[in-house]
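Visitor: I have a protein model open in front of me and would like to learn how to read it. Could you walk me through it, one feature at a time?

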Amino acid sequence: MEAEQGKEGWFIYGFVARGTVVLAEYTEYTGNFPAIAAQCLQKLPSSDKLSTYACDGHAFIFLVHSGYAYCVVTKDTVTRNVSIAFLERLKTDFTKRYGGGKADTATAKSLNKEFSPVIKEHMRYIIDHLDEIDKLIKIKVQVSEVKNVMLENINKTMERGEKLNDLQDKATDLQQEAQGFRKQGTKLRKRMWLHNMKIKLVVLAILLILVLIIWVSVCHGFNCTKQNN
């Protein structure tokens with residue numbers, strides 16, 4: 001029973017705003033919570049994001065989605081996951097009721113009569129179904145962990161694939177270089193062969209000239225045969 005009474009004070013204040021205009025709010029407590037929450041609302045980023053501010057032992061948690069801000073103020077002893085579960089329920093319900101409708105043009109606190117009791121109902125639901133919500137949160141955490149592991153494995157596989165591609169590229173480059181060396185070697189062998197042939201032809205020509213010179217010297221001409229009278 002004491003635990004249940006402790007839970008009663010978990011949720012202090014909640015609201016839904018379009019930009020910085022609060023459309024509906026709910027609280028059973030008196031204090032400066034609305035004023036502090038309104039100041040925090042002015043500082044929120046325009047992009048979809050979850051933001052948390054701390055003040056005087058309380059947590060001011062905001063969920064921004066598609067131009068709307070969903071806020072809950074809790075004791076700082078309340079776990080963040082519980083607050084997020086409440087905000088997600090609030091966002092889903094509000095979007096279902098007013099998405100693309102009069103919420104886009106509603107004035108400040110004009111939806112209080114309709115939606116303030118709904119905020120209270122969602123606070124009560126979270127408190128009454130805390131064990132169930134805690135289990136769902138743990139399941140979501142496990143799913144998120146599995147997802148992260150899978151993404152990590154995929155990234156590692158892609159990195160290995162990139163390394164294999166790098167090796168394949170290097171092998172291709174080496175093959176091309178080897179082909180280039182073979183072509184250069186073939187050209188070099190042809191040049192060497194032609195060079196050797198030129199040398200051989202020059203040597204052969206020199207030998208022929210020497211033989212011719214010797215022949216002419218010995219025979220005193222090109223006719224070495226003597227005729228007898």
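**Reading the model step by step**

Guide: Let us begin with one residue: S51 is found in strand β3, which covers residues 49-55. Please keep in mind that this is a predicted model.

Visitor: Is S51 buried or exposed?

Guide: The idea is to compare the relative accessible area with a cut-off: under 20% means buried. S51 has 10% relative accessibility, so S51 counts as buried. You can also look for a partner in space: S51 and I61 are 10 residues apart in sequence, and their C-alpha atoms are 5.8 Å apart.

Visitor: Now let me step back. How many helices and strands are there in the protein?

Guide: The protein has 5 helices and 5 strands. Follow the sequence and you meet them in the pattern α-β-β-α-β-β-β-α-α-α. As for burial, 28% of the 229 residues are buried.

Visitor: How do I read a single helix, such as α4?

Guide: Check its span against an expected rise of 1.5 Å a residue. Helix α4 takes in residues 112-128, which is 17 residues, and reaches 24 Å from its first C-alpha to its last, close to the 24 Å expected. Then see which residues point away from solvent: the buried residues of α4 include F115, V118, I119 and M123.

Visitor: What about salt bridges? How many does the count come to?

Guide: To find one, look for a side-chain nitrogen of Lys or Arg within 4 Å of a carboxyl oxygen of Asp or Glu. By this rule the count comes to 6. One of the pairs is K120 with E28, whose side chains meet at 3.8 Å, N to O. K120 lies in helix α4 and E28 in the loop between β2 and α2, so this pair ties together parts that are 92 residues apart in sequence. K120 is partly exposed, with a relative accessible area of 42%, while E28 is exposed at 55%.

Visitor: Which residue forms a salt bridge with R124?

Guide: That is D128, and the closest N and O atoms are 3.2 Å apart. Both residues belong to helix α4 and are 4 residues apart, so about one helical turn separates them. D128 is partly exposed at 46%, and R124 is partly exposed at 33%.

Visitor: Where would I see another pair of this kind?

Guide: Try helix α3, residues 80-98, where E88 and K91 are 3 residues apart, about one helical turn. Their closest N and O atoms are 3.2 Å apart in a salt bridge. Here E88 is partly exposed, with a relative accessible area of 31%, whereas K91 counts as buried at 16%.

Visitor: And what should I look for on the surface?

Guide: Look for side chains of one kind that gather into patches. D166, D169, D173 and E177 form a patch of negative charge, and D173 sits in helix α5, residues 130-219. D173 is partly exposed, with a relative accessible area of 40%.

Visitor: Which residues gather in a patch of positive charge?

Guide: Those are K183, K187, K190 and R191. K183 is also placed in helix α5, and K183 is exposed, with a relative accessible area of 57%.

Visitor: What makes up the nonpolar surface patch?

Guide: I199, V202, V203, I206, L207, I209, L210 and I213 make this patch of about 700 Å². L210 is found in helix α5 and counts as partly exposed at 45% relative accessibility.

Definitions and conventions:
Residues are numbered from 1 along each chain as its sequence is written. This is a predicted model: local features need pLDDT of at least 70, side-chain atom pairs count only at pLDDT 80 or more; totals for chains, interfaces and linings use all residues. Side-chain values use heavy atoms; hydrogens and water are left out. Patches are made of residues with over 30% relative accessible area and no salt bridge: like charges are joined within 9 Å, nonpolar side chains (Val, Leu, Ile, Met, Phe, Trp, Tyr) within 5 Å. Accessible areas come from the Shrake-Rupley method with a 1.4 Å probe; for residues, only the protein chains shown count as cover. Lys and Arg count as positive and Asp and Glu as negative; His and the chain ends are not counted. The place of a charge is taken as NZ of Lys, CZ of Arg, CG of Asp or CD of Glu. Helices (H or I, at least four residues) and strands (E, at least two) are DSSP runs, numbered from the N terminus. Buried means under 20% relative accessible area, exposed over 50%, partly exposed in between (1.4 Å probe, protein chains only). The expected span of a helix is 1.5 Å times one less than its number of residues.
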